[in-house]
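Visitor: Please take me through one part of this structure closely, and then through what lies around that part. Plain terms with their cut-offs will do.

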Amino acid sequence: MSIDLKTVKHISKLARISIDDEKANKLKGDLNNIFEFIEKLNELNTDNVQALTSIAETTLRFRKDEIKSENIREKILKNSPEENKDFFVVPKVVE
Amino acid sequence: MSDITSQSLFELTSNIKEKKLSSGEITKAFIDRAEKSKKLNVYVTDNFEKAIDQSKKFDSNPNFDLKLPGIPIAVKDLFCTNGVRTTAGSKILNNFVPTYESTVTQNLWSQGAILLGKLNCDEFAMGSSNETSFFGNVQNPVGENLVPGGSSGGSSAAVAANLTPVTIGTDTGGSIRQPASFTGTVGLKPTYGSCSRYGIVAFASSLDQAGPMTKNVRDCSMLLEVISSFDQKDSTSIDYKRNSYSKELSKDIKGKKIGIPKEYRVDNMPDEIEQLWKNGISYAKDCGAEIIDISLPHTNYALPTYYIVAPAEASSNLARYDGVKYGFRSPGQNLIEMYEKTRSEGFGDEVKRRIMIGTYVLSSGYYDAYYLKAQKVRQLIKKDFDDAFSKVDAILTPSTPSSAFKIGEKTNDPVSMYLNDIFTVPINLAGLPGISIPAGKDKNNYPLGLQVIGKPFDEQNILNISYALEDKINFKNDISDWWLSE
């Protein structure tokens, strides 16, 4: 199996990373090399193997649903790329 | 007394407790040396001014009951530090100043340690040579223009160059053990669930673990004791009784069964590594351990499995970097364009490559063929270890298939770079603890490491085996300080 340029562009769209044609061609080569290496897994028959879902053999804990930190608005907005004391600012979404 | 910066953590804490040295003197000594060591490029952000203040504060009211009393420590720049910039080696977090502290670093400060600064690493911990960092590559103190390994390359270089007494790194596929091996230092990846992942910039959440990087095994046990803790803030943190690793440290490994997996003999492995392994085996025998040949039949499938699982998790984890709430933003005409430009300009090539792999293997129509397949093979790899550990107490292997390579040597061939982690990746996939200790040198005088792998939660056992082997190996990392400037 090989990954063509159209697929590379499609994946970049899904991943929300814009790439130009030169980069896309380079990535095509890299990805094909990597997938050739990954294809080795097809040597193994895994029909009767259960997929591993958690490496730690414990069940997730429950905790009380309670507020532990209050008044953290300022902290949360502190690293906001565009200054605004109440909200995160993004380009206009609704026309 | 030997030069301050060359002392081990054990020596420094003893000297502070016996009032032979103050925290101020020690902190200043490490800062002075760092000022002359800029050529190594280990620091992304230093915290020197605040560190001096904190050391004075410690000296004016010292608490000698703490485990790291007034000890200055630099950490990998993947740990969020409250009020101190945390970049993960990426342009996309270049301006990020956390408003909270990671649990593992909080454990250090609670025991009296002082933050020296943040150490360089591969971008989002993706790399084996520290060359993917936005902040430039790190020089290995072992020799000029040599990589320090990765992703915790700034950390391994800083310990080897005496720029921090000890440090903490993170290990997703070998990022603590491989750089430790390349720099002649000790690095331990704990069992998954031993150290909290809260506040660590996430790469692949089912594989990531923080761990100690030190000059010797005793320091490693002292640091593990501090950073390993149960944490409510990490849903995969495991509540179990942790050992007093440093108190229980012992060279008595008589009767321990140590497995030697035949699959770890790979093509083109240098003779020196084969010899190193043989020496390790004979030292273990000298200590009274029993050597048992074992098989881990799916070893060769570990790397391909890793390169599906890790990028898949990374592509999900890194979806949060969209320029909206924090980090770098590149403006766009609309929201989608802003996302795409931000991520295109903010991430480096290796990170983009892995996000693309991950997005592809999780995309509609490919999930079963890749991701599900990999999770099944991961089960087989884990079962290999379960079977082996029904016969042995620990497993001994080389840490890496080669010694440190030249800067630039492998940057154009991602797959050859990935092969560096061939002996370390299976341990992450199975969630086991593993430690790399310096065990010898190759013909160029570059360090080589041996890895001891343990059962889940059996860090004490692999520390003890390493402690016994370290004594027999008697490794000397004669580093010439070639990089020092006035």
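Guide: What follows starts with a sheet, moves to a helix beside it and some loop residues, and ends with the contact between the chains.

This is a predicted model, in which local features need pLDDT of at least 70 and side-chain atom pairs count only at pLDDT 80 or more, while totals for chains, interfaces and linings use all residues. Residues are numbered from 1 along each chain as its sequence is written, and chains are lettered from A and ligands numbered from 1 in the order in which they are written.

The part chosen is an open sheet of 8 strands in chain B, with the order E4-E6-E5-E10-E11-E9-E7-E8 and mixed pairing. Strands (E, at least two residues) and helices (H or I, at least four) are DSSP runs numbered from the N terminus, and two strands pair if DSSP finds at least two bridges between them. The edges are taken by E4(B), residues 167-171, and E8(B), residues 290-294; each has a single partner strand, so one side of each has no neighbour in the sheet. From one strand to the next the twist averages 30 degrees.

At the E4 edge, E4(B) pairs with E6(B) in the antiparallel sense over 5 bridges, and B:Thr167 stands opposite B:Met213 in E6(B). Strand E6(B) covers residues 209-214, and 6 of its 6 residues are buried. Here a residue is buried if 20 or more other C-beta atoms lie within 10 Å of its own, exposed if 12 or fewer, and partly exposed in between, with C-beta atoms placed from the backbone. E6(B) also pairs with E5(B), again antiparallel, over 2 bridges; there B:Val186 has B:Thr214 as its bridge partner. E5(B), residues 186-189, in turn pairs in the antiparallel sense with E10(B), residues 434-441, over 3 bridges, and B:Gly187 faces B:Ser436 in E10(B). Helix H15(B), residues 459-473, packs on the sheet and touches E9, E10 and E11 of chain B, with its direction at about 10 degrees to that of E10(B). Axes are lines fitted to C-alpha atoms, for helices over the stretch in contact, and angles run from 0 to 180 degrees between N-to-C directions.

E6(B) is also a packing partner of helix H1(B): the buried residues of H1(B) pack against H2, E6 and H7 of chain B. These buried residues are B:Leu9, B:Leu12, B:Thr13 and B:Ile16. Down the axis of H1(B) they fall within an arc of 95 degrees, so they line one face of the helix; the arc is that of the directions from the helix axis to the C-beta atoms. B:Lys19, which follows H1(B), has a positive phi near 60 degrees.

Some loop residues of chain B also have backbone features to note. The loop between E3(B) and H5(B) holds B:Ser151, and the peptide bond from B:Gly150 to B:Ser151 is cis, with omega near 10 degrees. B:Asn145 lies in the loop between E3 and H5 as well. Although not a glycine, B:Asn145 has a positive phi of about 60 degrees, and with 11 C-beta neighbours inside 10 Å it counts as exposed. B:Ala88, in the loop between E2(B) and H4(B), has a positive phi of about 55 degrees and is buried, with 32 other C-beta atoms within 10 Å.

Chain A comes last. Of its residues, 38 are in contact with 53 residues of chain B, contact meaning that C-beta atoms, placed from the backbone, lie within 7 Å. H2(A) gives the largest share of this side of chain A, 7 residues. The buried residues of H2(A) are A:Leu27, A:Asp30, A:Leu31, A:Ile34 and A:Ile38; they fall within an arc of 100 degrees, so they line one face of the helix. Their cover includes H1 of chain A together with H9, H11 and H13 of chain B. On the other side of H2(A), A:Asp21, A:Glu22 and A:Gly29 are exposed. Elsewhere in chain A, A:Ser80 lies in the segment after H3(A). Not counting residues up to four places away in sequence, A:Ser80 touches A:Phe88, B:Lys325 and B:Tyr326.

Conventions:
Two residues are in contact if their C-beta atoms, placed from the backbone, lie within 7 Å.
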